[in-house]
2 protein chains.
Amino acid sequence: MEITDSENETIFPLGNRGPENWFSGEVHVQTLVSPEQIEGLYTVGQVTFSAGGRTYWHTHPIGQVLLVIEGKGWYQERGKPAQVLQKGTVVAIPKEVEHWHGASADHKMVHIAVSNIADGNSVTWKTPVTGDEYAEVNKQ
Amino acid sequence: MEITDSENETIFPLGNRGPENWFSGEVHVQTLVSPEQIEGLYTVGQVTFSAGGRTYWHTHPIGQVLLVIEGKGWYQERGKPAQVLQKGTVVAIPKEVEHWHGASADHKMVHIAVSNIADGNSVTWKTPVTGDEYAEVNKQ
């Protein structure tokens with residue numbers, strides 16, 4: 001699937017394909033700030049999810065902030081209804097709450113992520129969001 | 001001076017006028033994430049500087065990240081040449097380094113700021129950037 005930027009100019013570069021054991025579908029990650037640049041507190045990155053692209057279920061040891069800058073997508077905590085993500089949505093993700101985020105089935109979604117680091121780690125990856133789980137959310 | 005968004009749609013709301021003892025000119029601040037939402041680690045905000053608008057000289061106890069999302073402006077550390085800020089520029093500001101940032105004389109500039117908190121404080125404000133200091137930078 002090709003990434004297109006017809007809606008508006010991209011602010012930051014697209015970056016590289018994200019690891020296949022973190023994401024399903026086509027997802028690109030651009031690091032904007034590394035921990036060594038900012039007292040080891042967090043990383044800042046841009047994540048571009050092509051339509052259908054999404055993270056695995058995961059947790060953050062001391063939370064994460066998402067700033068949605070383009071497109072349409074979903075944020076879902078385990079056992080709760082999914083919430084719509086769109087340009088301008090801000091999500092403050094609590095520590096240790098299992099969740100996923102990604103594009104909707106028919107739109108790309110781009111967010112900036114501030115991923116807080118505790119003991120050298122910012123995320124614990126779990127299992128993929130299954131096709132059934134993803135289809136259920138996209139019925140909304 | 002009126003803020004216009006002819007170049008592209010604003011991602012986040014404009015917010016309210018920033019305090020006059022922090023900023024010179026017309027500057028609007030929109031809080032995106034409060035410390036209590038994210039383990040007290042930092043605040044996240046959008047700052048919109050109209051042309052000519054700028055911060056006072058200031059320092060951060062454990063640094064700050066700027067993500068420029070629109071326009072043209074300047075970042076300058078005390079005693080160094082100013083650096084151009086434009087859409088896509090990322091600045092990791094070191095702790096305790098005196099600096100200012102703002103719009104250029106003839107363009108607005110919008111950045112997201114992640115302002116790290118130490119002992120309940122994210123910034124120490126100093127003196128205004130004088131008209132002479134600002135004019136010198138804008139000759140570049």
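In chain B, strand S3 (residues 27-33) runs antiparallel to S4(B), and six bridges join the two. That pairing is a handy way into this model, which is a predicted one. From there we can follow the strands outward, then look at how chain B meets chain A.

**Strands around S4 in chain B**

- Start with the S3–S4 pairing: B:Val27 sits opposite B:Phe49 in S4(B), and B:Gln30 has B:Gln46 of S4(B) as its bridge partner.
- S4(B) also pairs with strand S11 (residues 109-116) of chain B, again in the antiparallel sense, this time over eight bridges.
- One spot to look at in that second pairing is B:Val47, which stands opposite B:His111 in S11(B).
- Strand S4 (residues 42-49) of chain B is largely enclosed by the rest of the structure, because seven of its eight residues are buried.
- Strand S1 (residues 16-17) of chain B joins S3(B) through two bridges, and these strands run antiparallel.
- If you want to find that S1 contact on screen, look for B:Arg17, whose bridge partner in S3(B) is B:His28.

**How the two chains relate**

- A turn of 180° with a shift of 0.0 Å along the axis lays chain B on chain A, with an RMSD of 0.0 Å.
- The two copies are therefore related as by a two-fold rotation axis.
- Both copies use the same surface, as 100% of the contact residues of chain B recur in chain A.

**The interface**

- Chain B puts 29 residues into the contact, and chain A puts in 29 residues.
- Between them, chain B and chain A bury about 2200 Å², with 74% of that on carbon and sulfur atoms.
- Which three residues of chain B supply more of the area it buries against chain A than any other three? They are B:Ile11, B:Glu39 and B:Lys87, and they supply 22% of it.
- The count of salt bridges between chain B and chain A is two.
- In a salt bridge, the side chains of B:Lys95 and A:Glu39 meet at 3.9 Å, N to O.

**What the record says about chain A**

- An unreviewed UniProt entry carries the annotation "domain: Cupin type-2", covering residues 47-110 of chain A.
- In the model, that span of chain A (residues 47-110) is 0% helix and 56% strand.
- The end C-alpha atoms of residues 47-110 of chain A lie 6 Å apart.

Technical notes
Residues numbered from 1 in each chain as written. Chains lettered and ligands numbered in written order. Predicted model: local features only at pLDDT ≥ 70, side-chain atom pairs only at ≥ 80, totals over all residues. Heavy atoms only, no water. UniProt positions renumbered as here; feature names shortened; annotations may be inferred. Helix = DSSP H or I, 4+ residues; strand = E, 2+ residues; numbered from the N terminus. Buried < 20%, exposed > 50% of the residue type's maximum accessible area, 1.4 Å probe, protein only. Pairing = 2+ DSSP bridges. Least-squares fit on C-alpha atoms with pLDDT ≥ 70 in both. Contact = heavy atoms within 4.5 Å. Buried area = accessible area lost by both parts, 1.4 Å probe. Salt bridge = Lys/Arg side-chain N within 4 Å of Asp/Glu carboxyl O.
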